[in-house]
Amino acid sequence: MNEPTQLLTVRGLTGGYGGPSVFQDLDFDIAEGEIVAVLGSNGAGKSTLLRALSGALPVREGQLSFRGKPIARTTSRITAQGIAHVPEGRRVFSGMTVVENLLIGQTGAGKRTALVLDDVWHYFPRLFERRASLGGMLSGGEQQMLALARGLMSKPALLMIDEPSLGLSPIMADTVFEIVDRLNRETGLAVLLVEQRIESALNLASRGFVLDRGAFTLSAPAAQLMSNDEVISKYMGV
């Protein structure tokens, strides 16, 4: 069996905001079609890591490559390379329709619009029903679907998702995770997932990293992390 092709390669990544580095000297890889979860307490640097990878935050040190090529350091070029970021808090444009919100996420030629929208409607039929509604009129779950769908409009190979269950009911959160799982299985979309619902994240992912005080303290297959005493006691509230 052939080894999976590496999609994202990160070596020695160090970054932060204005003061001390939030994370230091991180090494990790993500293969094509893989779902990887980043676990950790609030303030561990998980969201900051995604912001650095997406170009929203400068990288202080480290080498990053995507499909064997250096990653550009501007958000638009990173998106064009095949990486999309769905940030925490959904950030839907409340005064714009569902379709208008989606089109903001698209890069490339306009002639692809109809084709990409058809893909989105296939996975998010509820958004098709609400396509003329303003973003601010959607429920929290619908807004999260819209944020995910907007990330897909650039046809990424890697989708980075930050806290997709935040503020959602358990049923709606499960629906969102099911959509992500289906996208991964049917399209081969790779996912880097930050999520406080640890059990849900590990059920979805094949591997996981634990980020603590700016460093990876654990890295293992998801099943091993699910049975790890430290993960259970520290992050699952048991």
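Colleague: Two strands pair if DSSP finds at least two bridges between them. How many bridges join strand E9 to strand E10 here?

Modeller: There are 6 bridges between E9 (residues 207–212) and E10 (residues 215–221), and the strands run antiparallel. One of the partnerships is Asp212 with Ala215 of E10. Keep in mind that this is a predicted model, where local features need pLDDT of at least 70 and side-chain atom pairs count only at pLDDT 80 or more, while totals for chains, interfaces and linings use all residues. Residues are numbered from 1 along each chain as its sequence is written, and side-chain values use heavy atoms, with hydrogens and water left out.

Colleague: What sits in the loop between E9 and E10?

Modeller: Arg213 is in that loop. The hairpin has 2 residues between its strands, and Arg213 has a positive phi of about 50° although it is not a glycine.

Colleague: Is Arg213 buried or exposed?

Modeller: Exposed, because its relative accessibility is 73%. Buried means under 20% relative accessible area, exposed means over 50%, and partly exposed is in between (1.4 Å probe, protein chains only).

Colleague: Which strand holds Asp25?

Modeller: Asp25 is in strand E2 (residues 21–31). Its phi is positive too, near 55°, in a residue other than glycine. Asp25 counts as exposed because its relative accessibility is 55%.

Colleague: New topic. How many helices and strands are there in the protein?

Modeller: The protein has 10 helices and 10 strands. Those are DSSP runs numbered from the N terminus, with at least four residues for a helix (H or I) and at least two for a strand (E). The radius of gyration is 17 Å, close to the 18 Å that the globule rule gives for 238 residues, so the protein is as compact as a globular protein of that length. That radius is taken over C-alpha atoms, and the rule is 2.2 Å times the number of residues to the power 0.38.

Colleague: And what share of the 238 residues counts as buried?

Modeller: That would be 50%. Helix H1 (residues 46–54) is largely enclosed by the rest of the structure, because 7 of its 9 residues are buried. Among them are Leu49, Leu50 and Leu53. Just after H1, Gly55 takes a positive phi of about 90°.

Colleague: How many residues does H7 have?

Modeller: H7 (residues 170–187) has 18 residues and reaches 26 Å from its first C-alpha to its last, close to the 26 Å expected at 1.5 Å a residue. The expected span is 1.5 Å times one less than the number of residues. The buried residues of H7 are Ala173, Val176, Phe177, Ile179, Val180, Leu183 and Asn184. They cover an arc of only 150° around the axis, which puts them on the same side of H7. That arc is the one made by the directions from the helix axis to the C-beta atoms.

Colleague: What's exposed on the other side of H7?

Modeller: Pro170, Ile171, Glu178 and Arg185. Just after H7 comes Gly188, with a positive phi of about 80°.

Colleague: Last one: what does Gln144 touch?

Modeller: Not counting residues up to four places away in sequence, Gln144 touches Val86, Arg90, Glu163, Pro164, Leu168 and Val176. A contact here means heavy atoms within 4.5 Å. Gln144 is in helix H6 (residues 140–152), and it counts as buried because its relative accessibility is 1%. Val176 is also one of the buried residues of H7.
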